Amino acid sequence: MHNAGFAALGLNWCYVACEVDPKNLRAAIAGARAMGFAGINLTVPHKLLALDMVDALDASAKKWGAVNTIHFNEHGATGFNTDADAIITSLREDLKAGLPGAKVLLLGAGGAGRTAALKLASEGIAELFLVNRTPSKAEEIAGEIKKQFPSVKVSTGYPKGSVDLVLNATSLGLKPGDVSPLDQKQFTLAQTRAVYDMIYRPAETPLLQSARDAGCKTANGLGMLLYQGAKAFEIWTGRAAPIEVMRRALVENIYGPAKS
Ligand code: ATR
(Lines give C-alpha, C1' and ligand atoms only; values in the text may rest on other atoms or scores of the structure.)
Protein backbone atom coordinates (compact mmCIF):
# COMPACT_ATOMS: atom_id res chain seq x y z
CA MET A 1 0.00 0.00 0.00
CA HIS A 2 2.87 2.35 0.73
CA ASN A 3 4.58 1.78 -2.60
CA ALA A 4 1.29 2.37 -4.43
CA GLY A 5 0.88 5.56 -2.40
CA PHE A 6 4.40 6.78 -3.22
CA ALA A 7 3.84 6.09 -6.92
CA ALA A 8 0.53 7.95 -6.90
CA LEU A 9 2.25 11.03 -5.47
CA GLY A 10 5.21 10.73 -7.84
CA LEU A 11 7.64 10.13 -4.98
CA ASN A 12 10.77 8.15 -5.82
CA TRP A 13 10.48 6.28 -2.53
CA CYS A 14 10.36 2.62 -1.67
CA TYR A 15 8.92 0.63 1.27
CA VAL A 16 10.67 -2.65 2.07
CA ALA A 17 10.00 -5.35 4.64
CA CYS A 18 12.95 -6.59 6.70
CA GLU A 19 12.97 -9.30 9.31
CA VAL A 20 14.97 -8.15 12.33
CA ASP A 21 15.91 -10.23 15.35
CA PRO A 22 14.84 -8.32 18.48
CA LYS A 23 18.42 -8.40 19.73
CA ASN A 24 19.48 -6.40 16.67
CA LEU A 25 16.69 -3.84 16.79
CA ARG A 26 18.77 -0.95 18.13
CA ALA A 27 21.43 -1.52 15.46
CA ALA A 28 18.75 -1.85 12.76
CA ILE A 29 17.18 1.49 13.73
CA ALA A 30 20.60 3.20 13.75
CA GLY A 31 21.47 1.56 10.44
CA ALA A 32 18.27 2.70 8.75
CA ARG A 33 18.93 6.23 9.93
CA ALA A 34 22.54 6.11 8.72
CA MET A 35 21.30 5.01 5.30
CA GLY A 36 18.97 7.97 5.02
CA PHE A 37 15.66 6.16 5.52
CA ALA A 38 12.73 8.50 6.11
CA GLY A 39 11.31 6.16 8.70
CA ILE A 40 10.36 2.69 9.80
CA ASN A 41 7.26 0.73 10.77
CA LEU A 42 7.59 -1.81 13.54
CA THR A 43 5.49 -4.79 14.40
CA VAL A 44 5.35 -7.39 17.16
CA PRO A 45 7.56 -7.81 19.21
CA HIS A 46 9.39 -4.59 18.35
CA LYS A 47 6.67 -2.11 19.25
CA LEU A 48 7.45 -2.20 22.96
CA LEU A 49 11.21 -2.65 22.64
CA ALA A 50 11.56 0.46 20.49
CA LEU A 51 10.15 2.73 23.21
CA ASP A 52 13.62 3.33 24.63
CA MET A 53 15.49 3.13 21.35
CA VAL A 54 14.33 6.46 19.92
CA ASP A 55 15.45 10.00 20.73
CA ALA A 56 11.95 11.30 21.32
CA LEU A 57 8.45 9.94 21.77
CA ASP A 58 5.47 11.65 20.21
CA ALA A 59 2.45 12.02 22.53
CA SER A 60 0.76 9.11 20.71
CA ALA A 61 3.59 6.69 21.57
CA LYS A 62 3.71 7.88 25.17
CA LYS A 63 -0.01 7.54 25.56
CA TRP A 64 -0.32 4.02 24.16
CA GLY A 65 3.03 2.76 25.40
CA ALA A 66 4.10 1.35 22.04
CA VAL A 67 5.91 2.55 18.90
CA ASN A 68 4.76 1.29 15.52
CA THR A 69 6.20 4.16 13.46
CA ILE A 70 9.59 5.91 13.58
CA HIS A 71 10.36 9.14 11.75
CA PHE A 72 13.95 10.24 11.21
CA ASN A 73 14.89 13.90 10.82
CA GLU A 74 17.84 16.13 11.65
CA HIS A 75 17.00 15.88 15.37
CA GLY A 76 17.09 12.10 15.43
CA ALA A 77 14.45 9.36 15.64
CA THR A 78 10.93 10.08 16.89
CA GLY A 79 8.56 7.26 17.84
CA PHE A 80 4.84 7.47 17.06
CA ASN A 81 1.85 5.19 17.51
CA THR A 82 -0.64 5.20 14.65
CA ASP A 83 -2.51 2.03 15.70
CA ALA A 84 -4.90 3.45 18.26
CA ASP A 85 -6.44 6.14 16.05
CA ALA A 86 -6.74 3.64 13.21
CA ILE A 87 -9.04 1.39 15.27
CA ILE A 88 -11.47 4.23 15.82
CA THR A 89 -11.32 5.51 12.22
CA SER A 90 -12.09 2.02 10.96
CA LEU A 91 -14.93 1.42 13.45
CA ARG A 92 -16.52 4.71 12.41
CA GLU A 93 -16.05 4.19 8.70
CA ASP A 94 -16.75 0.48 8.38
CA LEU A 95 -19.47 0.02 11.00
CA LYS A 96 -20.73 3.60 11.29
CA ALA A 97 -20.20 2.95 14.99
CA GLY A 98 -21.19 5.81 17.30
CA LEU A 99 -18.83 5.28 20.21
CA PRO A 100 -19.78 7.87 22.85
CA GLY A 101 -22.21 6.16 25.21
CA ALA A 102 -21.80 2.75 23.56
CA LYS A 103 -21.57 -0.63 25.29
CA VAL A 104 -18.70 -2.75 23.99
CA LEU A 105 -17.64 -6.36 24.55
CA LEU A 106 -13.92 -6.69 23.85
CA LEU A 107 -12.40 -10.13 23.32
CA GLY A 108 -8.65 -10.32 23.94
CA ALA A 109 -6.25 -8.60 26.29
CA GLY A 110 -2.90 -8.83 24.46
CA GLY A 111 -1.15 -5.82 22.91
CA ALA A 112 -3.92 -5.08 20.42
CA GLY A 113 -6.66 -5.65 23.00
CA ARG A 114 -5.04 -3.32 25.52
CA THR A 115 -4.68 -0.50 22.99
CA ALA A 116 -8.27 -0.97 21.80
CA ALA A 117 -9.63 -1.01 25.35
CA LEU A 118 -7.86 2.19 26.38
CA LYS A 119 -8.67 3.96 23.13
CA LEU A 120 -12.37 3.03 23.33
CA ALA A 121 -12.45 4.29 26.91
CA SER A 122 -10.84 7.55 25.82
CA GLU A 123 -13.56 7.93 23.16
CA GLY A 124 -16.21 8.05 25.88
CA ILE A 125 -17.91 4.67 25.59
CA ALA A 126 -20.28 4.06 28.51
CA GLU A 127 -19.52 0.45 29.33
CA LEU A 128 -16.75 -2.01 28.52
CA PHE A 129 -16.79 -5.77 29.10
CA LEU A 130 -13.41 -7.47 28.86
CA VAL A 131 -13.07 -11.19 28.15
CA ASN A 132 -9.75 -13.00 27.83
CA ARG A 133 -8.50 -16.58 28.03
CA THR A 134 -6.12 -15.42 30.77
CA PRO A 135 -8.51 -13.45 33.00
CA SER A 136 -5.74 -11.72 34.97
CA LYS A 137 -4.70 -9.79 31.84
CA ALA A 138 -8.27 -8.53 31.34
CA GLU A 139 -8.39 -7.55 35.03
CA GLU A 140 -5.15 -5.63 34.70
CA ILE A 141 -6.53 -3.59 31.79
CA ALA A 142 -9.81 -3.06 33.67
CA GLY A 143 -7.77 -1.63 36.56
CA GLU A 144 -5.92 0.72 34.23
CA ILE A 145 -9.20 1.97 32.76
CA LYS A 146 -10.75 2.54 36.18
CA LYS A 147 -7.79 4.73 37.05
CA GLN A 148 -7.49 6.64 33.79
CA PHE A 149 -11.14 6.81 32.72
CA PRO A 150 -13.29 6.62 35.87
CA SER A 151 -16.46 7.55 33.98
CA VAL A 152 -16.33 4.31 31.96
CA LYS A 153 -18.05 1.36 33.60
CA VAL A 154 -15.65 -1.51 33.13
CA SER A 155 -15.95 -5.17 34.13
CA THR A 156 -14.51 -8.53 33.16
CA GLY A 157 -16.60 -11.39 31.82
CA TYR A 158 -19.56 -11.56 29.45
CA PRO A 159 -22.43 -9.07 29.79
CA LYS A 160 -25.90 -10.36 30.66
CA GLY A 161 -27.72 -7.86 28.45
CA SER A 162 -27.05 -6.49 24.99
CA VAL A 163 -24.17 -4.43 23.63
CA ASP A 164 -23.65 -2.19 20.61
CA LEU A 165 -20.40 -3.79 19.50
CA VAL A 166 -18.32 -6.94 19.91
CA LEU A 167 -14.67 -6.43 19.02
CA ASN A 168 -12.32 -9.38 18.53
CA ALA A 169 -8.70 -8.56 19.37
CA THR A 170 -7.58 -12.15 19.92
CA SER A 171 -5.71 -14.12 17.30
CA LEU A 172 -8.46 -16.76 17.15
CA GLY A 173 -9.78 -17.05 13.60
CA LEU A 174 -6.42 -16.59 11.90
CA LYS A 175 -5.90 -20.31 11.45
CA PRO A 176 -8.39 -22.72 9.90
CA GLY A 177 -9.98 -24.81 12.64
CA ASP A 178 -9.55 -22.17 15.36
CA VAL A 179 -12.35 -22.18 17.90
CA SER A 180 -14.49 -19.05 18.10
CA PRO A 181 -13.19 -16.32 20.42
CA LEU A 182 -16.82 -15.83 21.53
CA ASP A 183 -18.38 -18.35 23.91
CA GLN A 184 -21.91 -18.47 22.54
CA LYS A 185 -23.10 -20.36 25.61
CA GLN A 186 -22.40 -17.19 27.57
CA PHE A 187 -23.20 -14.56 24.97
CA THR A 188 -25.19 -14.93 21.77
CA LEU A 189 -24.86 -12.87 18.62
CA ALA A 190 -28.47 -11.78 19.08
CA GLN A 191 -27.13 -9.67 21.96
CA THR A 192 -25.09 -7.37 19.70
CA ARG A 193 -25.76 -5.08 16.79
CA ALA A 194 -22.28 -5.17 15.28
CA VAL A 195 -19.13 -7.31 15.27
CA TYR A 196 -15.65 -6.11 14.32
CA ASP A 197 -12.82 -8.60 13.90
CA MET A 198 -9.28 -7.19 13.85
CA ILE A 199 -8.27 -10.17 11.72
CA TYR A 200 -8.33 -9.35 8.00
CA ARG A 201 -6.99 -12.63 6.61
CA PRO A 202 -9.20 -14.62 6.13
CA ALA A 203 -11.49 -11.79 5.01
CA GLU A 204 -14.36 -13.40 6.89
CA THR A 205 -13.50 -15.31 10.04
CA PRO A 206 -16.02 -17.87 11.35
CA LEU A 207 -16.98 -15.25 13.95
CA LEU A 208 -17.81 -12.68 11.26
CA GLN A 209 -19.63 -15.29 9.22
CA SER A 210 -21.91 -16.25 12.09
CA ALA A 211 -22.38 -12.59 12.95
CA ARG A 212 -23.47 -11.83 9.39
CA ASP A 213 -25.83 -14.84 9.48
CA ALA A 214 -27.27 -13.49 12.72
CA GLY A 215 -28.00 -10.15 11.02
CA CYS A 216 -25.24 -8.12 12.71
CA LYS A 217 -23.28 -5.42 10.93
CA THR A 218 -19.76 -6.76 10.39
CA ALA A 219 -16.30 -5.54 9.41
CA ASN A 220 -12.81 -7.00 9.39
CA GLY A 221 -9.51 -5.38 10.37
CA LEU A 222 -8.47 -4.22 6.91
CA GLY A 223 -9.46 -0.65 7.68
CA MET A 224 -7.29 -0.67 10.79
CA LEU A 225 -4.31 -1.85 8.77
CA LEU A 226 -5.02 0.79 6.12
CA TYR A 227 -5.38 3.73 8.50
CA GLN A 228 -2.36 2.97 10.65
CA GLY A 229 -0.37 2.81 7.40
CA ALA A 230 -1.87 5.98 5.97
CA LYS A 231 -1.00 7.93 9.11
CA ALA A 232 2.60 6.65 9.01
CA PHE A 233 2.75 7.64 5.33
CA GLU A 234 1.71 11.18 6.28
CA ILE A 235 4.27 11.38 9.09
CA TRP A 236 7.10 10.39 6.75
CA THR A 237 6.13 12.30 3.63
CA GLY A 238 4.33 15.32 5.08
CA ARG A 239 1.71 14.77 2.36
CA ALA A 240 -1.91 13.61 2.56
CA ALA A 241 -2.07 9.84 2.04
CA PRO A 242 -3.89 8.78 -1.15
CA ILE A 243 -6.25 6.56 0.83
CA GLU A 244 -8.18 4.96 -2.01
CA VAL A 245 -5.01 4.08 -3.94
CA MET A 246 -3.55 2.54 -0.80
CA ARG A 247 -6.75 0.66 -0.01
CA ARG A 248 -6.89 -0.82 -3.51
CA ALA A 249 -3.26 -1.95 -3.31
CA LEU A 250 -3.86 -3.50 0.09
CA VAL A 251 -6.99 -5.35 -0.99
CA GLU A 252 -5.25 -6.67 -4.10
CA ASN A 253 -2.20 -7.75 -2.17
CA ILE A 254 -4.16 -9.53 0.53
CA TYR A 255 -7.15 -10.94 -1.33
CA GLY A 256 -5.82 -11.10 -4.90
CA PRO A 257 -6.79 -9.08 -8.00
CA ALA A 258 -10.42 -7.93 -8.13
CA LYS A 259 -12.60 -10.22 -10.26
CA SER A 260 -14.31 -8.38 -13.08
P1 ATR B 1 -1.48 -8.96 19.81
O2 ATR B 1 -0.33 -8.02 19.94
O3 ATR B 1 -1.88 -9.23 18.38
O4 ATR B 1 -2.64 -8.56 20.66
P5 ATR B 1 -0.83 -10.97 21.78
O6 ATR B 1 -0.37 -9.89 22.71
O7 ATR B 1 -0.04 -12.22 21.68
O8 ATR B 1 -0.94 -10.40 20.30
O9 ATR B 1 -2.36 -11.33 22.18
C10 ATR B 1 -3.06 -12.38 21.61
C11 ATR B 1 -4.48 -12.42 22.19
O12 ATR B 1 -5.17 -13.57 21.67
C13 ATR B 1 -4.52 -12.60 23.71
O14 ATR B 1 -5.70 -12.01 24.22
C15 ATR B 1 -4.57 -14.13 23.85
O16 ATR B 1 -5.09 -14.60 25.07
P17 ATR B 1 -4.11 -14.79 26.34
O18 ATR B 1 -3.90 -13.42 26.91
O19 ATR B 1 -4.86 -15.69 27.25
O20 ATR B 1 -2.85 -15.39 25.81
C21 ATR B 1 -5.53 -14.45 22.72
N22 ATR B 1 -5.37 -15.85 22.29
C23 ATR B 1 -4.38 -16.36 21.54
N24 ATR B 1 -4.56 -17.68 21.34
C25 ATR B 1 -5.71 -18.02 21.99
C26 ATR B 1 -6.44 -19.23 22.19
N27 ATR B 1 -6.03 -20.37 21.63
N28 ATR B 1 -7.58 -19.19 22.91
C29 ATR B 1 -8.01 -18.03 23.46
N30 ATR B 1 -7.36 -16.85 23.34
C31 ATR B 1 -6.22 -16.84 22.61
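Student: Which loop of this predicted model holds Pro-45?

Tutor: Happy to start there. In this predicted model, the peptide bond from Val-44 to Pro-45 is cis, with omega near 5 degrees. As for its place in the chain, Pro-45 sits in the loop between β1 (39-41) and α3 (46-49).

Student: And where does Pro-202 lie, given that the bond from Arg-201 is also listed as cis?

Tutor: Good one to look up. The Arg-201 to Pro-202 peptide bond is cis, with omega near 5 degrees. Pro-202 is found in the loop between β9 (192-197) and α8 (206-213).

Student: What is the order of the strands in the sheet of four?

Tutor: Let's build it from the edges. This open sheet has mixed pairing, and β1 and β2 (56-57) are its edge strands, each pairing on one side only. Next to consider is β3 (residues 69-73), which pairs with β1 in the antiparallel sense over three bridges. Read across, the order is β1-β3-β4-β2.

Student: Which residue in β3 is the bridge partner of Asn-41?

Tutor: Look along the pairing of β1 with β3, which is antiparallel and has three bridges. Strands of a sheet pair through backbone hydrogen bonds, either parallel or antiparallel. The bridge partner of Asn-41 is Thr-69.

Student: At about what angle to β3 does helix α9 run?

Tutor: Two helices are worth viewing here. Helix α2 (residues 25-34) lies across β1, β3 and β4 (76-80), at about 40 degrees to β3. Helix α9 (residues 222-237) also lies across β1, β3 and β4. Its angle to β3 is about 5 degrees.

Student: Now the sheet of six: which strands are at its edges?

Tutor: Start with the order, β7-β6-β5-β8-β9-β10, in an open sheet with parallel pairing. Ignoring direction, neighbouring strands are turned by 15 degrees against each other on average. The strands that pair on one side only are β7 (153-156) and β10 (217-220).

Student: Which residue in β7 stands opposite Leu-130?

Tutor: Find strand β6 (residues 127-131), which runs parallel to β7 and is joined to β7 by four bridges. Opposite Leu-130, in β7, stands Thr-156.

Student: Which strands does helix α5 lie across?

Tutor: Helix α5 (residues 83-95) runs at about 130 degrees to β9. The strands α5 lies across are β8 (163-168), β9 and β10.

Student: Is α6 roughly parallel or roughly perpendicular to α7, and why?

Tutor: Helix α6 (residues 111-122) and helix α7 (residues 135-148) pack at an angle of about 25 degrees, with their axes 10 Å apart. Angles under 35 degrees count as roughly parallel. The crossing itself is right-handed. With that angle, therefore, α6 is roughly parallel to α7.

Student: How many nonpolar residues are in the contact of α6 with α7?

Tutor: From α6 come Arg-114, Ala-117, Leu-118 and Ala-121, and they meet Ile-141, Glu-144, Ile-145 and Gln-148 in α7. One residue of this contact is polar and two are charged, while the nonpolar ones number five.

Student: Last one: what is the radius of gyration of the protein?

Tutor: The protein has ten helices and ten strands, and its C-alpha atoms fill a box of roughly 55 × 50 × 35 Å along the principal axes. Because it has 260 residues, a compact globule would have a radius of gyration near 18 Å. The protein's value agrees with that, at 19 Å.

Definitions and conventions
Residues are numbered from 1 along each chain as its sequence is written. This is a predicted model: local features need pLDDT of at least 70, side-chain atom pairs count only at pLDDT 80 or more; totals for chains, interfaces and linings use all residues. Side-chain values use heavy atoms; hydrogens and water are left out. Axes are lines fitted to C-alpha atoms, for helices over the stretch in contact, and angles run from 0 to 180 degrees between N-to-C directions. Angles under 35 degrees count as roughly parallel, over 145 as roughly antiparallel, 65 to 115 as roughly perpendicular and the rest as oblique. A crossing is left-handed if the near helix is turned anticlockwise from the far one by less than a right angle, and right-handed if clockwise. Contact means heavy atoms within 4.5 Å. Ala, Val, Leu, Ile, Met, Phe, Trp, Tyr, Cys and Pro count as nonpolar, Asp, Glu, Lys and Arg as charged, and the others, Gly among them, as polar. Two strands pair if DSSP finds at least two bridges between them. The radius of gyration is taken over C-alpha atoms; the globule rule is 2.2 Å times the number of residues to the power 0.38.
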